[in-house]
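Me: I would like to go through the labels used for this model one at a time, setting each against its definition. Let us start with a single pairing between strands.

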Amino acid sequence: MTTPVHVLGSSFFSTHHASLADALTGVERPVTPPAYALLVGRARRFTSLVTQMHIDVCGALPVDAAEPPLTVFATCHGEIQTADILIADFHTNSVVSSARFALSVHNSPSGLYSVATASQAPSTTITGDNAIAAGWLEAALTALDAGRNVILSIADEPVPASFQGPTERAGVAAAFLLGKCGGRRAELAIVPGATTVSDPFHLLAHMADAAARSESKALALGTIQPGMTLELRFV
Amino acid sequence: MTSGYPITGAAVANCLGSDNRTVFEHAFSGAETFSPASEFAALPFPTQLGIMPALDNVGELDCTPTRLAAVALASARQLVPAVRAAVERWTAPRIAYVFASSTGGLEETERALAPDPARLPSGAGYRYADHGIDATSRAIARYLGISGIQMAVSTACSSSFKALASATRLIEHGLADAVVVGSADSLCRTTIFGFHSLGLIAPTATQPFTADRCGITLGEGSAYVLIERATDATRRSAIAWLAGTGAASDAFHHTSPHPEGLGGQLCMRQALDQAGLTPNQIDYVSAHGTGTRLNDAAEAVAVSRVFERPMPLTATKSLTGHTLGSAGLTSLVLAIESLRRQEIPATVRAANLDPELAVAVVDKRTPAKIQHVLINAFGFGGSNASVVVSQSPRA
């Protein structure tokens, strides 16, 4: 059983690479924050790297402002750097920053994006270590149901060392505009075998690359159910 | 959604009790179960908390024994008979699991990162991968014996209703025949200090929709439902029907609601449309009702605009506290019980209702003919979701 996907546009950002081509070939640059130009003035304050990256890649998609898309945000670790700061603050000072706490929820990018674009379209946020696979599935099903375009935005920032978690250095994000028809055709299929996404950075880069090309390509997005992998096949 | 989705199992646990029977008994009698905050943590400000009783044994789960796991297990344990019947009907790989949480086990991380381990012991041996949403949700899925699609949703206080909507998509598109939708959030210091920093924590027990309401009482809890594809067998097993879901964004402010609850209006209307119901067919609204001045005012405006009559409304957070990512499903399970009992649970501490809010707050346990209930769950980020639950399928 497969789920059809139509990719109408894509974008990519890495803190360590100037372009998608550089990310794919491993040409690094000095660490650079995203521009996230959709947020202006006070809306930019206290935003985390993961939020900034989400906003940046969403802002680079060819969205029709007259018909705001629904949004699906996917993140394995969420606002993990903000959580680290909040915990340190209350341990040290018995107070936390209200602005930082307000932006500590996993759906902070979703809220900021909807305010910045004045969009009342529904939005959801998928998390956990299979967030890339589950995010694709959620976005594809939403696009089939909604009759409107759907943005899938995937991003993660490095996990602070104190968490003793994954050790990725770079912040990375990719976004895809999905529709019900047209664009780059692909499908999602659930295939036997478990897959651990050990390198989400390269997976996102290859996704964005495949969406922009015309060759067939299959990418394992990770385990979507025990012993089964979700595969994204560009056809 | 044609006839809707049969709900064939429902479970809840929170400060009212660790099992359905106790929760329902306390909820419908209006029991006061909030505790002094000092029973959870020493805080430099006054407040009460909805602390779960008897959080002890998670030995049944093959995961690190976190507070989140214990909170989740209290509900999941009660769902076992319904899930076993569903596994017999569909097989384990056809039963998906969508889990919702806002804080996702942050309490263990707080302990692990404490500069003085003596203040918050038990963080020793902390491993990031052993805590939080994944570890708990996978362990619960294994415990329930289901092996379908697994995903986790986190949209603050609307999380569990977003998870419910995701579950319906999995069934609708043939990727699952049944879905366990679970939600859990455990108390942690980050949320207590955080809501306090925003001036949203009530120093005494929360009083939603009253003139002197002054904030939230935070709680912890879990709630689970099992929804299935409609067949003759699942129709017979249905305890209620998921008739419609709706979702919309406020697009106004990250933490403050639109003054007229525009996102709330949109998602209530969407849920009604999907359920094929008019506003007049809803018997009461189970409000998000957090007890903050702005949230209750905005929700009251939204409800009055959608229903255009003094809508009977109850705020179950006056009983359970605000269980954050689990709030929506918690209210849903209580609404399912109200359909069974044909009674509306009271909003407690509602003696001094705000005359400026055009809603008919139910302030005592009220027998009523109830066929359809609309439930709201609104959250940070202007994330709004509504659900309609019905006693029987759509005609």
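Me: Which residue is the bridge partner of B:L49 in β7(B)?

Reply: In this predicted model, B:L49 has B:L218 as its bridge partner in β7(B). The model is a prediction, so local features are considered only at pLDDT of at least 70 and side-chain atom pairs only at pLDDT 80 or more, whereas totals for chains, interfaces and linings take in all residues. Residues are numbered from 1 along each chain as its sequence is written, and chains are lettered from A and ligands numbered from 1 in the order in which they are written.

Me: What makes β3(B) and β7(B) a pair, and in which sense do they run?

Reply: Two strands pair if DSSP finds at least two bridges between them; β3(B) and β7(B) are joined by two bridges and run parallel, and therefore they meet the criterion. The strands themselves are DSSP runs (E, at least two residues), as are the helices (H or I, at least four), and both are numbered from the N terminus.

Me: Why are β2 and β7 of chain B said to stand at the edges?

Reply: The open sheet has three strands in the order β2-β3-β7 (chain B), with mixed pairing. β2 (35–36) and β7 of chain B each have a single partner strand, so one side of each is left without a neighbour in the sheet.

Me: Which strand of chain B does β3(A) pair with, and in what sense?

Reply: β3(A) pairs with strand β5 (residues 150–153) of chain B, in the antiparallel sense and over two bridges. Within β5(B), B:A152 is the bridge partner of A:T127. As for the wider interface, 53 residues of chain A are in contact with 51 residues of chain B, where contact means that the C-beta atoms of two residues, placed from the backbone, lie within 7 Å. The side of chain A that touches chain B has 24 nonpolar, 26 polar and three charged residues; here Ala, Val, Leu, Ile, Met, Phe, Trp, Tyr, Cys and Pro count as nonpolar, Asp, Glu, Lys and Arg as charged, and the others, Gly among them, as polar.

Me: How do you know that β4(A) is mostly covered?

Reply: A residue is buried if 20 or more other C-beta atoms lie within 10 Å of its own, exposed if 12 or fewer, and partly exposed in between, the C-beta atoms being placed from the backbone. Seven of the seven residues of β4(A) are buried, and this holds on both faces, with A:V150, A:L152, A:I154 and A:D156 on one side and A:I151, A:S153 and A:A155 on the other. β4(A) pairs with β2(A) in the parallel sense over five bridges, with A:A74 opposite A:I154, and with β5(A) in the antiparallel sense over seven bridges, where A:S153 has A:A175 as its bridge partner.

Me: What covers the buried residues of α2(A)?

Reply: The cover includes β1 (2–14), β2 (70–75), α3, α5, β4 (150–156) and β5 (172–179) of chain A. Helix α2 (residues 49–59) of chain A is mostly covered, since 10 of its 11 residues are buried, among them A:H54 and A:D56.

Me: Why is chain A called as compact as a globular protein of that length?

Reply: Chain A has seven helices and eight strands. Its radius of gyration is 17 Å, close to the 18 Å that the globule rule gives for 235 residues, so chain A is as compact as a globular protein of that length. The radius is taken over C-alpha atoms, and the rule is 2.2 Å times the number of residues to the power 0.38. Of the 235 residues of chain A, 55% count as buried.

Me: How do you know that the span of helix α6 of chain B agrees with its 14 residues?

Reply: The expected span of a helix is 1.5 Å times one less than its number of residues; for α6 (residues 159–172) of chain B this should be 20 Å, and the end C-alpha atoms are 20 Å apart, which agrees. Of the 14 residues of α6(B), 13 are buried, so the helix is largely enclosed by the rest of the structure. Just after α6(B), B:G174 takes a positive phi of about 75°.

Me: Why is B:R341 called partly exposed?

Reply: B:R341 has 15 other C-beta atoms within 10 Å, and is therefore partly exposed. The residue lies in helix α12 (residues 327–341) of chain B.
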